[in-house]
Protein chains: 4
Amino acid sequence: MSIRVTVWGENVHEQKSAAVRAIYPDGMHTTIAAALNAAGGIHATTVTLQDPDHGLSDATLAATDVLIWWGHAAHGQVEDRIVDRVIDAVWSGMGAIFLHSAHFSKPFKRLMGSPCNLTWREAGERERLWLTSRNHPIAAGLPDHFELENEEMYGEPFGVPEPQDTVFVSWFQGGEVFRSGLTWKRGAGNVFYFRPGHETYPTYHDTNVQRVIANAVRWAHNPAARLANPSAAPNVPVETALEPITQRGAKLHAPGEEGMR
Amino acid sequence: MSIRVTVWGENVHEQKSAAVRAIYPDGMHTTIAAALNAAGGIHATTVTLQDPDHGLSDATLAATDVLIWWGHAAHGQVEDRIVDRVIDAVWSGMGAIFLHSAHFSKPFKRLMGSPCNLTWREAGERERLWLTSRNHPIAAGLPDHFELENEEMYGEPFGVPEPQDTVFVSWFQGGEVFRSGLTWKRGAGNVFYFRPGHETYPTYHDTNVQRVIANAVRWAHNPAARLANPSAAPNVPVETALEPITQRGAKLHAPGEEGMR
Amino acid sequence: MSIRVTVWGENVHEQKSAAVRAIYPDGMHTTIAAALNAAGGIHATTVTLQDPDHGLSDATLAATDVLIWWGHAAHGQVEDRIVDRVIDAVWSGMGAIFLHSAHFSKPFKRLMGSPCNLTWREAGERERLWLTSRNHPIAAGLPDHFELENEEMYGEPFGVPEPQDTVFVSWFQGGEVFRSGLTWKRGAGNVFYFRPGHETYPTYHDTNVQRVIANAVRWAHNPAARLANPSAAPNVPVETALEPITQRGAKLHAPGEEGMR
Amino acid sequence: MSIRVTVWGENVHEQKSAAVRAIYPDGMHTTIAAALNAAGGIHATTVTLQDPDHGLSDATLAATDVLIWWGHAAHGQVEDRIVDRVIDAVWSGMGAIFLHSAHFSKPFKRLMGSPCNLTWREAGERERLWLTSRNHPIAAGLPDHFELENEEMYGEPFGVPEPQDTVFVSWFQGGEVFRSGLTWKRGAGNVFYFRPGHETYPTYHDTNVQRVIANAVRWAHNPAARLANPSAAPNVPVETALEPITQRGAKLHAPGEEGMR
């Protein structure tokens with residue numbers, strides 16, 4: 001069975017900027033999804049900010065194995081109730097891939113718990129990505145380095161928690177470096193951040209970039225059943241303790257009472 | 001110069017429960033602060049939920065090297081604007097120590113980006129903490145294990161991100177285990193979670209527990225100057241790039257313009 | 001295509017001890033391999049210490065996707081030249097799973113770079129393994145905890161480097177805890193340590209234990225081509241630098257010379 | 001009391017190469033130690049490969065809080081029995097800092113358990129180190145980036161285990177990147193690798209480099225007493241178990257017997 005991917009596109013600059021539209025006439029999300037559908041074993045569809053619920057109904061999230069997020073101009077327009085829903089889906093086991101300017105998206109900042117800031121420059125300079133974790137599944141089939149002739153620069157320090165794997169580090173022509181492929185786990189969900197993809201350059205048409213994203217989908221996919229209630233904090237009564245114990249000391253909670261939140 | 005610690009106490013059960021008041025007549029926060037003040041090199045004061053701004057004005061946070069947080073019954077009463085302030089202070093370099101039921105406090109959940117859930121049982125059972133990182137500074141002067149005769153049980157899976165160090169793992173009489181001393185870094189701030197401390201038991205009068213907390217204060221303390229704006233994402237203009245480059249391709253941003261959030 | 005597993009058995013106590021032979025009449029390695037062959041998608045064979053080259057010729061290692069290692073009484077009899085060969089295979093991409101007393105095997109100690117020590121007690125006490133990483137692939141299909149009624153105790157502190165994932169933590173009847181399922185990466189190879197499996201108890205007949213090992217094989221398997229020379233440190237001549245640079249300053253190395261080791 | 005540092009210098013190229021002698025007339029180790037002695041709170045001495053026991057007697061290691069290692073041409077001449085001694089000291093709590101070409105030294109490779117390889121080019125090109133962990137103690141007092149106008153290039157993939165902290169990442173003029181400041185823990189010992197320091201350039205006269213090394217000494221220093229036997233694996237008899245248990249099942253070990261290695 002195919003891995004079910006939902007590509008979330010902000011779809012703002014595609015509407016406003018002729019330069020962006022020239023590169024992505026059907027939207028960046030469409031280009032990304034088309035590449036995934038051609039990669040094999042993946043079934044990708046698209047939703048956008050402008051859709052009802054930003055395209056992320058409970059039913060859509062329940063049927064999404066891996067969510068891909070691209071946003072830039074309109075992070076603030078994403079409703080908090082939808083963000084809550086996305087976070088809950090990740091915690092319950094949905095994979096999540098955040099691309100480029102999604103470093104400042106609401107769901108990514110919520111999952112990281114850190115500022116997620118960086119330095120930047122929009123000069124169309126050369127970026128070269130280097131592999132830092134040999135044979136990592138996200139780098140399958142890729143050479144030790146590959147180049148993007150025109151990209152926006154993102155520079156360190158990148159305000160994210162120390163990752164579980166550093167998969168790529170980028171070199172920039174203007175003199176900066178950036179940890180551009182990083183993995184974390186949050187609840188039962190795998191999370192990957194991938195740096196490239198400024199909207200004024202044809203990055204998502206690049207074969208190596210497409211391969212990284214398809215690999216990341218396979219890596220982030222968790223075949224286990226989604227957790228029903230990923231935040232549950234169940235009480236384990238004394239009577240059912242795995243080892244026999246007896247109640248001692250004072251108690252705040254009456255039997256059967258819920259824990260405090 | 002002493003490390004400046006602010007102990008934040010929820011101070012609810014001390015008011016409502018005679019059992020808690022019997023153990024902590026001046027409040028749990030007062031007991032914790034007194035132990036720290038006796039430890040040497042630490043100057044600890046206390047604030048509570050009931051204070052204006054919950055005791056956490058900008059000035060107080062700016063003068064706090066390490067914040068200690070204990071809360072249980074009233075997590076929901078902590079105002080979001082104060083939580084934002086605490087998070088910002090951590091990201092700028094303030095250390096933060098979360099005790100026991102603070103696993104579900106707003107600032108801890110925000111810093112972790114994960115559900116922070118667990119299983120629990122209030123039976124006064126025996127807890128034994130085992131050291132899992134030899135010579136870790138947070139375990140300085142402690143034996144390889146120590147016991148608390150009566151504690152609430154917290155059981156795995158604990159819904160937190162994989163830590164940088166696992167310092168302690170707890171054994172419980174009823175059959176559970178728990179990673180009870182964990183470290184992370186968020187922005188420029190060091191974060192430590194320490195499990196023991198249910199309010200109906202005299203845990204914060206225990207010498208080993210007091211030593212862990214004092215050690216954790218020293219570990220979490222960052223002597224560097226606080227970052228002025230921990231979320232800044234400065235633009236680096238082409239003209240000032242460290243290596244000479246020239247502008248290429250289309251631009252979304254006019255010169256001097258702020259980045260999008 | 002099936003994942004090719006080689007189960008390495010020390011095969012000493014099976015010969016010397018009637019108690020062990022009663023549980024594992026054909027050797028522990030045979031029981032482990034049989035369970036893997038029944039799991040689906042895995043083709044497991046066995047080799048032992050007593051075979052020429054301990055059963056680990058270059059050809060065998062080249063045809064092994066994942067190596068499983070069980071040893072206890074005869075760690076010192078494993079020849080260093082074979083250990084070198086195993087390490088090189090792991091660095092080039094072979095997965096490696098170390099079981100129980102293999103914590104003190106030569107290849108595990110070499111891969112960890114740490115003492116790998118622990119405390120122990122052979123009393124047939126109860127062990128209960130708790131999941132600490134929700135939906136980790138190594139825990140697929142397993143409940144949040146499972147028990148082994150009779151096991152040897154291993155206690156913390158366990159002298160290994162901080163892992164990338166802590167998958168299981170064990171509770172012991174006698175009062176200890178142990179991080180009993182841990183992952184690392186070394187070169188291109190995935191490494192997993194799994195604690196249970198003392199030879200006087202029927203642990204490898206347990207369904208949950210068998211499932212963990214089969215899951216770990218799938219997790220450790222790296223489908224990428226094995227690296228030809230995992231320790232290569234190639235010189236990149238100035239003339240072929242990716243960005244144009246010119247030679248400056250003094251040089252120790254003549255053109256084309258090998259690096260120093 | 002001062003932190004006691006021993007700087008280990010290979011001291012080969014200083015004797016053979018006029019270019020190196022011109023920069024480090026008294027040896028690289030002497031320059032490094034002099035900078036540390038000027039930093040405050042550190043007492044540094046030097047030993048070399050040519051000394052009896054390479055200068056690393058048991059007494060010297062016992063009186064060393066942090067060992068700094070620089071080697072390049074003569075890794076193979078370091079005797080294995082001295083390497084064993086160094087490893088044992090690290091596991092027992094001695095800090096260890098490996099500089100530049102020491103990535104291929106015997107003790108570093110032993111502590112990492114991985115190939116420790118990289119790509120390289122000796123062209124005197126520009127290196128720029130970027131901070132990737134805000135307010136990390138090893139970066140205290142340093143700007144977000146600093147430059148070395150002439151350095152040897154080291155490129156990714158760097159064959160080391162995923163570190164606990166990535167403190168610096170380097171940009172190179174010829175197009176490569178490198179994770180140039182990394183931390184790990186092995187046993188009770190803190191380990192730091194720092195990339196710069198090719199012998200034909202004046203790197204160890206650079207103020208920023210000197211500051212990093214002094215900071216790393218303070219970070220690596222473990223004030224706890226050295227462990228007497230860092231590899232001990234003590235038996236815990238049934239009679240002294242922390243919780244009352246009774247012997248069950250078959251036993252391999254007679255009472256009081258040592259464990260197997």
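**View 1. Gln164(B) is the residue of chain B closest to the rotation axis relating chains B and D, with its C-alpha at 3.1 Å.** This is a predicted model in which local features need pLDDT of at least 70 and side-chain atom pairs count only at pLDDT 80 or more, while totals for chains, interfaces and linings use all residues. Residues are numbered from 1 along each chain as its sequence is written, and chains are lettered from A and ligands numbered from 1 in the order in which they are written. A turn of 180° and a shift of 0.0 Å along the axis lay chain B on chain D with an RMSD of 0.0 Å (least squares on the C-alpha atoms of residues with pLDDT of at least 70 in both copies).

**View 2. Chains B and D touch through twelve residues of each.** Contact requires C-beta atoms, placed from the backbone, to lie within 7 Å. The side of chain B that touches chain D comprises five nonpolar, five polar and two charged residues. Here Ala, Val, Leu, Ile, Met, Phe, Trp, Tyr, Cys and Pro count as nonpolar, Asp, Glu, Lys and Arg as charged, and the others, Gly among them, as polar. The copies meet through the same surface, because 100% of the interface residues of chain B are also interface residues in chain D.

**View 3. In the contact between chains B and A, 62 residues of chain B meet 62 residues of chain A.** Elements giving two or more residues to this side of chain B are α6 (106-112), β5 (119-131), β6 (145-155) and β8 (177-186). Helices (H or I, at least four residues) and strands (E, at least two) are DSSP runs, numbered from the N terminus. β5(B) gives the most, with seven residues. By class, the side has 26 nonpolar, 25 polar and eleven charged residues.

**View 4. A rotation of 180° with 0.0 Å of shift along its axis superposes chain B on chain A, at RMSD 0.0 Å.** The two copies are therefore related as by a two-fold rotation axis. Gly113(B) has the C-alpha of chain B nearest this axis, 2.5 Å from it.

**View 5. All five residues of strand β4 (residues 95-99) of chain D are buried.** Buried means that 20 or more other C-beta atoms, placed from the backbone, lie within 10 Å of the residue's own. Gly95(D), Ile97(D) and Leu99(D) point one way from β4(D), and Ala96(D) and Phe98(D) the other way. Strand β3 (residues 66-70) of chain D runs parallel to β4(D), joined by four bridges (pairing needs at least two DSSP bridges). Leu67(D) has Ala96(D) as its bridge partner. Four bridges also join β4(D) to the parallel strand β9 (residues 189-194) of chain D, where Phe192(D) stands opposite Ile97(D).

Technical notes
Two residues are in contact if their C-beta atoms, placed from the backbone, lie within 7 Å. A residue is buried if 20 or more other C-beta atoms lie within 10 Å of its own, exposed if 12 or fewer, and partly exposed in between; C-beta atoms are placed from the backbone.
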